[in-house]
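The following exercises are to be worked with the sequence and the three-dimensional model at hand. Each task is followed by a solution in steps.

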Amino acid sequence: MAEHVILFAGPMGAGKTTAIESLSEIETIRTEATNTDRETADKDTTTVALDYGEITVGDEDKVRLYGVPGQRRFNFMWTILKERAVGLVLLVNNDAADPIEELDAFLEEFGELHEKGGIVVCVTRSDVAATPYLDKYAERIREVMPGRMIPVFTADARNGDQMRTALMSLIANIEMTAMIADSQERAA
Amino acid sequence: MTEQVGAQPVSAHKDPVVIAFANEVLDGFSDVCRSLRYATFLTDDGFEVASIAGDEKQNRRVASMASSMQALGDAVAKDLRIGGAEYIIIAAETGYVIQMRVPEHAMVLAAHFDAAETVGKALSVARLAASNMRTLVQEKAA
C-alpha cells in the first residue's frame, strides 16, 4: 500500500480547510482559533497549526492531506510539514487583493515540492472575482518555474468532485515523477 | 480576545488597555518567580499581546508557536473527548515551558522557566497570572 502526504497551502481565506473537509473520508482534525486579523481575511476562525484528513485512492493507496496555516507568522509549520510532503495543492483565492503576488509568494516558499512529486494550482472564489483569468496564472507559473508542468484549475473548495479532480491530477504527476526517478536509478 | 468598540471589534493585541493589563500581570509574575526566563500573553490566533524578556522577533515567533501548540492540545483533547486543554507543559533538559489558557478568553500565557523551579510551583504561579489577567479584562468589560 502506497502512502502520499499532500500539503494544501495558500493565503488565508483561500479554502484550504474547506477543501480538506470536502475530500476527507475521515472526520478531519482542525486547529482553528478566533480570527482577530479581519483586515487580512473577513472570517470568524483561522487555522493556526494544521488541518488533517485522509482519502483512499484506487484500491488501497492512502493519501494524507495536511492543510497549513495561510499566515506567514506560522511558517515554522510550513517547514515542519513540507519535510514529509511529496506534493502540493496550492489554493489561491481570486478575490485576494493581488492573487498573482500570492501565487508567487507561495510558489517561492513551496516550489521545491515540484521536484519531490508535483504541484497543482487551484484558483478558488472565481465566482466572486472573475479576474485574473487562468491564463494569467499559467503565464506567471511559466515565468517563475519554467519548464515545469503545473496544472491550473478553477475549483470550488466546497465541491468534493472538483477538488478530487485536482488531487488526482497531482497524484498522477507524483506517480509519474516516482516512475521516472526509479527508471533513472535502474539505468545508472 | 476581541472586544467591541462601537461597531469595530478591537483585538487584544491592538487594545492598549489590554496590553497594559498584560504588562502589569507579567511584571507581577516575574516578581514572584525568580526562575521565570520569559513570558508572553498571546491571542489564540498567535498575536503577541505583551511579553517580558526576549527580543521582538523572538516574541512574535513564540506567540505563533504557542498558538499552534495550544490548538494542537485542544485538538487532541477534543479527539479524546476530554474537554478543552487548560494547560500544556513542555519539559526540556534545562527548563520547561508552561502554556496556560486565560480562563474564558481567547488568550494564552506562555512562560519559560529554568530547571531550578518545580513544575508544581511554576504551574501554580502561571495559573495565578492567567487568573489575574482574566480578572482585569473582565473588570474592564464591566
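**Exercise 1: The nonpolar cores**

Task: In this predicted model, determine which residues have the most contacts inside the largest nonpolar core.

Solution. The largest nonpolar core comprises 33 residues, and those with the most contacts inside it are A:Leu7, A:Leu88, A:Leu90, A:Leu103 and A:Phe110. Next, assign the core to elements: among those of chain A that each supply at least two residues are strand 1 (3-9), strand 5 (87-93), helix 3 (99-110) and helix 5 (134-144). Helix 3 of chain A contributes the most, namely five residues. Then inspect A:Leu103: leaving out residues up to four places away in sequence, A:Leu103 touches A:Leu90, A:Val92, A:Val121, A:Tyr137, A:Arg140 and A:Ile141. Finally, note a second, separate core of 31 residues, which includes B:Ala39, B:Ile98, B:Ala130 and B:Leu136.

**Exercise 2: A buried lysine**

Task: Establish which side chain of opposite charge is nearest to A:Lys16.

Solution. Locate A:Lys16 in helix 1 (residues 16-23) of chain A. A:Lys16 is buried and has no salt bridge. The nearest side chain of opposite charge is A:Asp51, 7.1 Å away, whereas a salt bridge requires the charged atoms to lie within 4 Å. Beyond its neighbours within four places in sequence, A:Lys16 has contacts that include A:Phe8, A:Pro11, A:Asp51, A:Val68 and A:Leu91.

**Exercise 3: Helix 6 of chain A**

Task: Compare the expected span of helix 6 of chain A with the distance between its end C-alpha atoms.

Solution. Helix 6 (residues 160-187) has 28 residues and, at 1.5 Å a residue, should span 40 Å. The end C-alpha atoms are 40 Å apart, so the two values agree. At the N-terminal end, A:Asn159 caps the helix through a side-chain oxygen 3.0 Å from the backbone nitrogen of A:Asp161. Buried residues of helix 6 include A:Gly160, A:Met163, A:Leu167 and A:Ile174.

Key. Residues numbered from 1 in each chain as written. Chains lettered and ligands numbered in written order. Predicted model: local features only at pLDDT ≥ 70, side-chain atom pairs only at ≥ 80, totals over all residues. Heavy atoms only, no water. Helix = DSSP H or I, 4+ residues; strand = E, 2+ residues; numbered from the N terminus. Buried < 20%, exposed > 50% of the residue type's maximum accessible area, 1.4 Å probe, protein only. Lys, Arg positive; Asp, Glu negative; His and termini not counted. Contact = heavy atoms within 4.5 Å. Core = buried A, V, L, I, M, F, W, Y, C linked by side-chain atoms within 4.5 Å. Expected span 1.5 Å × (residues − 1). Polar contact = N/O pair within 3.5 Å; in protein donor to acceptor, adjacent residues only side chain to side chain.
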